[in-house]
Each structure stands twice: as C-alpha cells, then as structure tokens.
Amino acid sequence: MTDELFSVKDQVVLVSGASRGIGRAIAKGFADRQAKVVITGRVAETLNQTAKEICPADGVVRAKVCDAADPKALRRLADEVVAEFGRIDTLVNCAGVNKRKKIEDYDEETYDYITNINIRGAFFLATAVGRHMIAAGRGSVINIDSINSHRPLKRVGPYAMSKAAMSSMTRSMAMEWGPHG
C-alpha cells in the first residue's frame, strides 16, 4: 500500500505495546506502507507471532521483548534500534494496561503496575528515543492517550489519570523538542 502524500517508506518506526490491539494495528499500518517496523511487548511468543503475521512479504518487522515499566530496558531498546537501523524516525508509545476497580479498591501494587507502564514507561521510552531524534534534528513521537484523558469513565481511575498525564506529557515534549525538528 502506498500513499505518496503521507509516505513512510523506509522510515524506521518503533511501536511499543504492539503485540495486540491498537498497537498491533498501528504497526501493521506502518509495515503495509513499507516502513521498517520494530514492535515491542512483554511476551516473546505473542510478539514474534504478531511480527510474522503483520510483516509484508518484502517488509521488515522486528520483534523486541521489552518491559515498558523498566527504564533501563527502554534505554537499551532505543540504543539497539538505532544501532541496527541507524535512526528512529517515529516512536509510537502505545503500551498500556488497565485494571477495572472502584477507586477505593486499588492497592499500591495495582496502581504502580498501571502507572509504571502507562506513563512512566512512555516517558522514559520517549526520552530515550528523543535524545537520538534531537541529535539527528528530526523525528516524530506519537503518544496514544484515551478518551479517559478528557472524560474518565467509572472504575478506571489510575488508567484515566495516567492517560491524562500522557496528554500533558505530549504537549510538554512538543514545546521543548519542536525547535529541534
């Protein structure tokens, strides 16, 4: 599939949380348009299966297992992708989790699980990739938030809070990084 107006041919695209759902669909869209796609997730078997299924016959889709809650692993991931491909043109922060409960029933472990992946991980992956993009003078970061960012639903408090933070993080990064291309 080609679209000359919005061509991503040969661009290097990193998509976190791409083994299923929205992340998978986004990664497939880039792969179908001839981008070189790196997908991440926590489960190797699911991730490798996704890479096989979404990779066009003449395309490049690499699966890299990475825990979005581990800042050191996220820095290694960014460095590995740049070492292999020479750059990252686009980062899509899509990794996200949720546990539905009444707000008063969340414990610290569940709260940390949600926020460590949804916002902390997104922040540290974006900064790891952003450093490379700033040095290159170009790049795009796409952070996937949620309708819950603006209109929270019941029983998703920490998820909604993390996605609202994602929205603010995106604006902050755009203001600081925009002048760098």
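Helices (H or I, at least four residues) and strands (E, at least two) are DSSP runs, numbered from the N terminus. One such run is helix 1 (residues 21-32), which holds both Asp 32 and Lys 28, 4 residues apart, about one turn of the helix. This is a predicted model, in which local features need pLDDT of at least 70 and side-chain atom pairs count only at pLDDT 80 or more, while totals for chains, interfaces and linings use all residues. Residues are numbered from 1 along each chain as its sequence is written, and side-chain values use heavy atoms, with hydrogens and water left out.

**Salt bridges**

- A salt bridge is a side-chain nitrogen of Lys or Arg within 4 Å of a carboxyl oxygen of Asp or Glu, and by this rule the count comes to 8 salt bridges.
- Side chains of opposite charge can pair when their charged atoms come close.
- In helix 1, the side chains of Asp 32 and Lys 28 form a salt bridge with an N to O distance of 2.8 Å.
- Asp 32 is partly exposed at 22% relative accessibility, and Lys 28 is partly exposed at 35%; here buried means under 20% relative accessible area, exposed over 50%, and partly exposed in between (1.4 Å probe, protein chains only).
- Asp 89 takes part in a salt bridge with Arg 87, where the closest N and O atoms are 2.9 Å apart.
- Asp 89 also meets Arg 138 in a salt bridge, at 2.5 Å from N to O.
- This second pair links distant parts of the chain, 49 residues apart: Asp 89 is in the loop between helix 3 (71-85) and strand 4, and Arg 138 is in the loop between helix 4 and strand 5 (140-143).
- Asp 89 counts as buried because its relative accessible area is 4%, whereas Arg 87 is partly exposed at 33% and Arg 138 is partly exposed at 44%.
- Arg 62, Lys 64, Glu 80 and Glu 84 are joined into one network by salt bridges that share partners.

**Charged surface patches**

- Patches are made of residues with over 30% relative accessible area and no salt bridge; like charges are joined within 9 Å, and nonpolar side chains (Val, Leu, Ile, Met, Phe, Trp, Tyr) within 5 Å.
- Accessible areas come from the Shrake-Rupley method with a 1.4 Å probe, and for residues only the protein chains shown count as cover.
- Lys and Arg count as positive and Asp and Glu as negative, while His and the chain ends are not counted.
- The place of a charge is taken as NZ of Lys, CZ of Arg, CG of Asp or CD of Glu.
- A patch of negative charge on the surface gathers Asp 107, Glu 108, Glu 109 and Asp 112.
- Glu 109, one of these residues, lies in helix 4 (residues 108-136) and counts as exposed because its relative accessible area is 66%.
- Lys 72, Arg 75, Arg 76 and Arg 131 form a positive patch on the surface.
- Helix 3 gives the largest share of the positive patch, 3 residues.
- Arg 75 lies in helix 3 and is partly exposed, with a relative accessibility of 35%.

**A buried polar contact**

- Asn 93 is in strand 4 (residues 90-93) and is buried, at a relative accessible area of 3%.
- The Asn 93 side chain makes a polar contact of 3.0 Å with the side chain of Asn 143.
- A polar contact is a pair of N or O atoms within 3.5 Å; within protein, one must be able to donate a hydrogen and the other to accept it, and residues adjacent in sequence count only if both atoms are side-chain atoms.

**Positive phi angles**

- Most residues other than glycine have a negative phi, and most peptide bonds are trans.
- Gln 34 is not a glycine, yet has a positive phi of about 70°.
- Gln 34 is found in the loop between helix 1 and strand 2 (36-41) and is partly exposed, at 30% relative accessible area.
- Arg 155 also has a positive phi, near 70°.
- Arg 155 lies in the loop between strand 5 and helix 5 and is partly exposed, at 48% relative accessibility.

**Separation in sequence and in space**

- Ala 165 and Thr 115 are 50 residues apart in sequence and 9.7 Å apart in space, C-alpha to C-alpha.
- Ala 165 lies in helix 5 (residues 157-177) and counts as partly exposed at 30% relative accessibility.
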